[in-house]
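Here is a quick walk through one model, written for someone who likes to check claims against atoms. Have the viewer open and follow along.

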Amino acid sequence: RVDEWTDVDRKRVMNDIIATMFNKKFMEELFKPQDLYSKKALRTVYDRLAHASIMRLNQASMDKLYDLMTMAFKYQVLLCPRPRDILLVTFNHLDAIKDFISDSPAILNQVDETFRRLMETYNCLSDGEFQLIRQTLLIFFQDMHIRVSIFLKDKVQNSNGRFVLPISGPVPWGTEVPGLIRIFNHKGVEVKRAEFTTAGNYVTPQREGSFELYGDRVLKLGTNMYSVTRPVETHMSGASKNLASQAKENIAPNPLAKEELNFLARLLGGLDIQKPAGGETGFRLNLFTTDEEEEYA
């Protein structure tokens, strides 16, 4: 279990995984214009990245970690105040990753290079194009309603696994607090105003998040969800159990998916997967409290 690892072990695992994730050839393939990956392809990439170090996860723990990752990402995309803020969420991810490898200049440079690629590729897009990206991502995750304990406890997720959209707080940057209707004539001159009462308590954001390499992102989506220690649990909501079983079928080897898997083999061909050397067996990560709980899962 994780609490049995030394600081050296943790650092080695993080360095191996992050170095593999931001491998130059891998990033070059990811940034090529292409269709959205299938769920099976995404899971294959995730499995390879998770096992890019001496750490090993059994199937139950891998399923649990994947469920947590996908639902957390869905939550972040769904609650973005404006479509362009998807970039700020991504930068929050990169900022956190850089904290893990702050004493590894070579890997840090790989992450910074990815940041520059993101800016070069996406910063010039219009709001409409970002909205299309956001819709595409949400369509990909729309049938996934896995309950996560941290979201349930914070009341951002209902018992059926669906997320709750807030009706209070800061409005998107560049917009006004709702409550005022302006009416203009055909010449564009304002001729009338009407006010209405809103159900929420909205406020104007103090500033826009930074899109620079280093800066205050302002937006908290994409930062550490576990800044307050909580147990990690995922539960299937009733209607999603069948969908989950279908997803597991998609994960299993499928001879008809030869073309897709050949593409993934080429995509991952540049990755240097670390194997335990000699008699070293590596570390086993178990995300369950007891062996009985793991067997039940």
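The notes below go from the core outwards to the loops.

## The main core

First, a caveat: this is a predicted model. With that in mind, start in the middle. The largest nonpolar core has 42 residues, and the members that touch the most others are I18, F22, Y75, F91, L94, V111 and F151. Plenty of elements chip in with at least two residues each: helix 2 (24-30), helix 3 (39-50), helix 4 (59-78), helix 5 (85-100), helix 6 (105-122), helix 7 (127-141), strand 2 (146-148) and helix 8 (149-153). Helix 5 gives the most, seven residues. As background, nonpolar side chains in soluble globular proteins tend to be buried together.

I18 is a handy residue to click on. Beyond its neighbours within four places in sequence, I18 contacts I97, F100, I101, I107 and V111. There is also another core, apart from the largest one. That other core has nine residues, including V13, I54, M55 and L57.

## Helix 6, side by side

Does the length of helix 6 add up, and what would 1.5 Å a residue predict? For its 18 residues the expected span is 26 Å, and the end C-alpha atoms are 26 Å apart, so the two agree.

Now look around the axis. The buried residues of helix 6 are I107, V111, D112, T114, F115, L118 and M119. These residues sit on the same side of helix 6, because they cover an arc of only 150° around the axis. The general helix geometry fits this kind of pattern: an α-helix has 3.6 residues a turn, so residues three or four places apart point the same way. On the other side of helix 6 you will find P105, A106 and E120, which are exposed. The cover over the buried residues of helix 6 includes helix 1 (7-21), helix 2 and helix 5.

## D112 and G215

D112 belongs to helix 6. Is D112 buried or exposed? D112 counts as buried, because its relative accessibility is 10% and the cut-off for buried is under 20%. Setting aside residues within four places in sequence, D112 is in contact with K98, L213 and Y214.

G215 is in the loop between strand 6 (202-203) and strand 7 (234-236). G215 is partly exposed, with a relative accessible area of 41%. Try drawing a line from G215 to D95: the two are 120 residues apart in sequence, yet their C-alpha atoms are 9.5 Å apart in space.

## A hairpin

Strand 4 (residues 180-184) and strand 5 (residues 190-195) pair in the antiparallel sense, with five bridges between them. One bridge to pick out is that of I181, whose partner in strand 5 is A194. Five residues lie between the two strands of this hairpin, and G188 there has a positive phi near 85°.

## The loop after helix 8

F163 is in the loop between helix 8 and strand 3 (169-170). Despite that loop address, F163 is buried, with a relative accessible area of 11%. Which residues does F163 touch, leaving out those up to four places away in sequence? They are M71, K74, Y75, L78, F151, V156 and Q157. For a distance check, F163 and L152 are eleven residues apart in sequence and 9.3 Å apart, C-alpha to C-alpha.

K155 is found in the loop between helix 8 and strand 3. K155 counts as exposed, at 69% relative accessibility.

## Backbone oddities

Most residues other than glycine have a negative phi. K155 has a positive one, near 60°. V218 has a positive phi too, near 65°. V218 lies in the loop between strand 6 and strand 7, and at 32% relative accessibility V218 counts as partly exposed.

## Cysteines

How many disulfides does a search of the whole structure find? The count is zero. Two cysteines are still worth a look for their surroundings. C80 counts as buried, at 6% relative accessibility, whereas C124 is exposed, with a relative accessible area of 61%.

Definitions and conventions:
Residues numbered from 1 in each chain as written. Predicted model: local features only at pLDDT ≥ 70, side-chain atom pairs only at ≥ 80, totals over all residues. Heavy atoms only, no water. Pairing = 2+ DSSP bridges. Helix = DSSP H or I, 4+ residues; strand = E, 2+ residues; numbered from the N terminus. Core = buried A, V, L, I, M, F, W, Y, C linked by side-chain atoms within 4.5 Å. Buried < 20%, exposed > 50% of the residue type's maximum accessible area, 1.4 Å probe, protein only. Contact = heavy atoms within 4.5 Å. Expected span 1.5 Å × (residues − 1). Arc of directions from axis to C-beta. Disulfide = S-S within 2.5 Å.
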